[in-house]
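Okay, thanks everyone for squeezing in. Have a look at this one with me, and then I'll talk you through the fold, the core and the contact between the chains.

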Amino acid sequence: MKSKSRAGFIILFLALPLIHLIIFSYVPIIGNFVLSFTNWKGFGDIEFIGIRNYRKIFTNPEYISMFKNCAWYFLAAIPQLIFAFLLAVVVNGKFKGLNIFKGILIIPYLLNGVIISTIFIIFFNNTGTLNTIFGAFGLEALQHQWLQDLDLVNPAVASISIWRYYGMNFIMFFGALQAIPTELYEAATLDGCTKWQEIRYISVPFIKKVLFINILLSVSGSIQVFEIPYIMLNGSNGTSTPVIMIQQSMSENRAGFAAALSVLVFVIVLIVVGLQKLLVKED
Amino acid sequence: MAFESTAYKVVRYVVLVLASIFVIIPLIPLIFMAFKTGAEYSSTSVLTAPESFFNFYNFSYAIRVGNLGKAFINTAIILTISLAFQVTGTAMVAYVLSRFDFMGKKIVKTLFTLTMFIPVVATQNLIFRMMYAVKLVNTMWSVIILYSGVGIVGIYIMLNQLDSISKEIDEAALIDGAGYFRTFVQIIFPLMKPACTTLVIINGIGLYNDFYIPNLYLNRDVQTFTVALYKFFGSMATPFEIVAAAIIIGMIPIMIVFIFLQKYIYNGLAGSVKM
């Protein structure tokens, strides 16, 4: 066939998407790596300062605590995944009200960070939803200043991600469960399996891969937390995260330092996603 | 589906009702608040229902003062242009990857796949300086350009669709002298409509909800709906019952999309795992 027009067609169709990809994904990653060894302000001269930016991050307790905050978000992912899995199991089937429940359960996943932050400012306020509910049940001892107490603010804010993201895990688990052939369940019923045995020996092994993907998504999501602590508290009360700090450094014209933080976030995500690809391939 | 004992059915409903309560409780005070007067807001508990659910003052005030109408139009413009670019670009890349063997195909595929490793937040430090240098900061174009890239998830959704379209259709068109370009535009692209719809809905929700990029690149004059809500609530001067009304207005478009298109949302999200 006309090989010239064939080559031209391929180039025509790939050129723009590839150029976009290189400019907005690969150039910034390589650029950040180089800039992380400089004290560039974002304009003007560039002076190399070795690993000073990195040393600053790893020696200043303020910066170390940002990375520690990410651990709270990962911890929150554990109940989140269990909850999502439980829901996917009970929703998997035919029963009255299925679509209504599915509709309600997916609501949080559709809302954006600003909406969720507002909802949870009302929720955690001193006279907010949570304290009001505790008061109504005579549990005044449990009432706290959730967003001011420095020991409570990070777990409180991190717990919001359970409400926000379990819906995504739920849909993924649900999709995986639906892919299990029904004959397996039928055979299990014939053999006299209980529902619990069915879940333990059919559902869980079948969705292992999806479960694993979800765990790693949670890890890589935890390191990139930005919206909720930024919108709710502007990173104050010790709720700052690496991405909030990147943004702050950018606006303070510390582009070199922001680059070093970006590289660290990138490396952590790289390790996590790489691990995922490696282990999923082995399966 | 297997036999389900009565006990299991009871457990199912208990779990689902509890989960629904867990979802709904944080939303109730927001809805109540949006219908309360200022005096009512400061004198009643967050879990007390408003005197009247027909008090729409907060809503009209929010729309007027928050410039929400203008922000909504900005969002619509940004979404329409970006999604058009995204869908066309993704379909083009997927088509070439699905129908042609060529030198460097593996490299192209790898380049797109590896972007999974690159978090958006770790690139903006430098991209912001580039956008600033070409004077696109504070214009919609910065956001549109960033949103117009071709993502790997979209490529996989489209590749799945292309697998189900017989290659004989392409070949017949080529033999009839249609040429590669016309074969794609007039014959294959229209057949890819379901995959395009899924991509538009999934990415449309993502872009509508995005806060990070528009907050970074757009100032007050061209802000998107999500950022307008944030600015609104960030200025402590705004009474909270007005903020609540604005937030509810912000939820409406996404709820409408969901009610009519939920099938696509479930399929698209479940499909993105299979890559």
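So, before anything else, what I call a contact here is two residues whose C-beta atoms, placed from the backbone, lie within 7 Å. And keep in mind that this is a predicted model. With that cut-off, take the contacts in chain A with a separation of 6 or more: 68% of them are between residues 24 or more positions apart.

Now the fold. Chain A has 13 helices and zero strands, so you just read α after α along the sequence. How does the radius of gyration compare with the globule rule? It comes out at 24 Å, well over the 19 Å that the rule gives for 283 residues, so chain A is more spread out than a compact globule. Along the principal axes, the C-alpha trace spans about 75 × 75 × 30 Å. Even so, 44% of the chain A residues count as buried.

On to the core. The largest nonpolar one has 146 residues, and A:A88, A:F173 and A:V265 have the most contacts inside it. Helix α7 of chain A, residues 153–178, gives this core its largest share, 15 residues. If you zoom in on A:A88, leaving out residues up to four places away in sequence, you'll find it touching A:F170, A:F173, A:F174 and A:L177.

Last bit, the contact between the chains: 73 residues come from chain A and 68 from chain B. On the chain A side, helix α1, residues 3–35, gives the most, with 17 residues. That side divides into 48 nonpolar, 19 polar and six charged residues.

Note on methods. Residues numbered from 1 in each chain as written. Chains lettered and ligands numbered in written order. Predicted model: local features only at pLDDT ≥ 70, side-chain atom pairs only at ≥ 80, totals over all residues. Core = buried A, V, L, I, M, F, W, Y, C linked by C-beta atoms within 7 Å. Buried ≥ 20, exposed ≤ 12 C-beta atoms within 10 Å, placed from the backbone. Helix = DSSP H or I, 4+ residues; strand = E, 2+ residues; numbered from the N terminus. Nonpolar A, V, L, I, M, F, W, Y, C, P; charged D, E, K, R; others polar. Rg over C-alpha atoms; globule rule 2.2 N^0.38 Å.
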